[in-house]
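Biologist: I have not looked at this one before, so could you walk me through it step by step?

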Amino acid sequence: MQEKEELKQYLIDHLDEAIEKHYLQVYYQPVIRTLTGRLCGAEALIRWIDPVKGFLAPGDFIPLFEEMNLSYKVDRYVIQEVTQGLRGRIDKGEKLVPVSINLSRADFQMMDPLTELNKAMRKNGLRWSLVRVEITESALSKDVAGGHSQLPPGRL
């Protein structure tokens with residue numbers, strides 16, 4: 001139990017350093033169209049390769065950062081890395097596929113993620129068709145009385 005609490009505190013204390021020193025790394029999970037078997041996109045996934053703790057799975061830090069309203073820092077970093085990576089592929093003449101970026105509830109509370117994405121897209125001269133936005137399940141609100149997840153009113 002104490003070890004788990006120490007890891008939580010370590011993650012919180014070292015998040016900014018992990019971003020600054022690129023201990024957080026974006027991995028791309030291919031999206032394959034089942035009918036053709038062809039690559040049709042990718043999903044940007046974050047991994048933390050820490051010099052002290054080693055490989056940290058997303059389940060070790062994403063839920064914690066969402067709970068602490070810190071996930072926006074990770075998601076802002078992913079936006080920057082993905083858009084810069086796409087720009088690099090364009091500059092090298094490499095094949096492009098759309099990349100999905102996940103946003104969480106905390107993003108909308110702590111920043112304007114669409115403004116962040118828009119700035120990054122303009123800065124890197126990218127077409128909107130290259131980026132897809134996905135809202136993570138944690139973005140669903142909790143029904144306090146019943147404990148059920150639900151979409152905000154008026155949303156499908």
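**Helix packing and selected residues**

Modeller: A good place to begin is a contact between two helices, where L15, D16 and I19 in helix 1 meet K73, V74 and Y77 in helix 3. Please keep in mind throughout that this is a predicted model.

Biologist: What classes of residue make up the contact of helix 1 with helix 3?

Modeller: That contact has four nonpolar residues and two charged ones, with no polar residues among them.

Biologist: And at what angle do helix 1 and helix 3 pack?

Modeller: The angle is about 5°, and the axes of helix 1 and helix 3 lie 11 Å apart. Because angles under 35 degrees count as roughly parallel, helix 1 is described as roughly parallel to helix 3.

Biologist: Let me step back a bit: how many helices and strands are there in the protein chain?

Modeller: The protein chain has five helices and seven strands, and from the N terminus on these elements follow the order α-β-β-β-α-α-β-α-α-β-β-β.

Biologist: What share of the residues in the protein chain is buried?

Modeller: Of the 156 residues in the protein chain, 35% are buried. As for contacts, taking those with a separation of 6 or more, 62% are between residues 24 or more positions apart.

Biologist: Back to helices, then. At what angle do helix 3 and helix 5 pack?

Modeller: Helix 3, which covers residues 71-91, packs against helix 5, residues 113-124, at an angle of about 20°, and their axes are 9 Å apart. That angle makes helix 3 roughly parallel to helix 5, and the crossing of helix 3 past helix 5 is right-handed.

Biologist: Which residues make the contact?

Modeller: Helix 3 contributes R76, I79, Q80, T83, Q84 and R87, while helix 5 contributes P113, E116, L117, A120, M121, K123 and N124. Sorted by class, the residues of this contact of helix 3 with helix 5 are five nonpolar, four polar and four charged.

Biologist: Is S71 in helix 3 buried or exposed?

Modeller: S71, whose place is in helix 3, has a relative accessible area of 2% and is therefore buried. Its side chain makes a polar contact of 2.8 Å with the side chain of S104. Not counting residues up to four places away in sequence, S71 touches F65, E66, S104, A106 and D107.

Biologist: Which residues of helix 2 are buried?

Modeller: In helix 2, which spans residues 58-67, the buried residues are F61, L64, F65 and E66. These buried residues of helix 2 pack against several elements, including helix 1, strand 1, strand 2, strand 3, helix 3 and helix 4.

Biologist: What about phi just after helix 2?

Modeller: Just after helix 2, N69 takes a positive phi of about 55°, and N69 is a residue other than glycine. N69 lies in the loop between helix 2 and helix 3, where a relative accessible area of 25% makes N69 partly exposed.

Biologist: Where is H22, and what is its phi?

Modeller: H22 sits in the loop between helix 1 and strand 1, and its phi is near 60°, a positive value in a residue other than glycine. With 40% relative accessibility, H22 counts as partly exposed.

Biologist: How far apart are I49 and H22?

Modeller: In sequence I49 and H22 are 27 residues apart, and in space their C-alpha atoms are 8.7 Å apart. I49 has its place in strand 2 and is partly exposed, with a relative accessible area of 30%. Leaving aside neighbours within four places in sequence, I49 is in contact with Y23, Q25, Y27, G54 and F55.

Biologist: Is R38 buried or exposed?

Modeller: R38, which is found in strand 2, counts as exposed because its relative accessibility is 62%. Not counting residues up to four places away in sequence, R38 touches V31, I32 and R33.

Biologist: One last thing: what does N102 touch?

Modeller: N102 has its place in strand 4, residues 99-103. Not counting residues up to four places away in sequence, N102 touches E43, A44, D75, E134 and T136. With E43 there is also a polar contact of 2.9 Å, which joins the side chains of N102 and E43.

Key: Residues numbered from 1 in each chain as written. Predicted model: local features only at pLDDT ≥ 70, side-chain atom pairs only at ≥ 80, totals over all residues. Heavy atoms only, no water. Axes fitted to C-alpha atoms, helices over the stretch in contact; angles between N-to-C directions. Helix = DSSP H or I, 4+ residues; strand = E, 2+ residues; numbered from the N terminus. Parallel < 35°, antiparallel > 145°, perpendicular 65-115°, else oblique. Left-handed = near helix turned anticlockwise from the far one by under 90°. Contact = heavy atoms within 4.5 Å. Nonpolar A, V, L, I, M, F, W, Y, C, P; charged D, E, K, R; others polar. Polar contact = N/O pair within 3.5 Å; in protein donor to acceptor, adjacent residues only side chain to side chain. Buried < 20%, exposed > 50% of the residue type's maximum accessible area, 1.4 Å probe, protein only.
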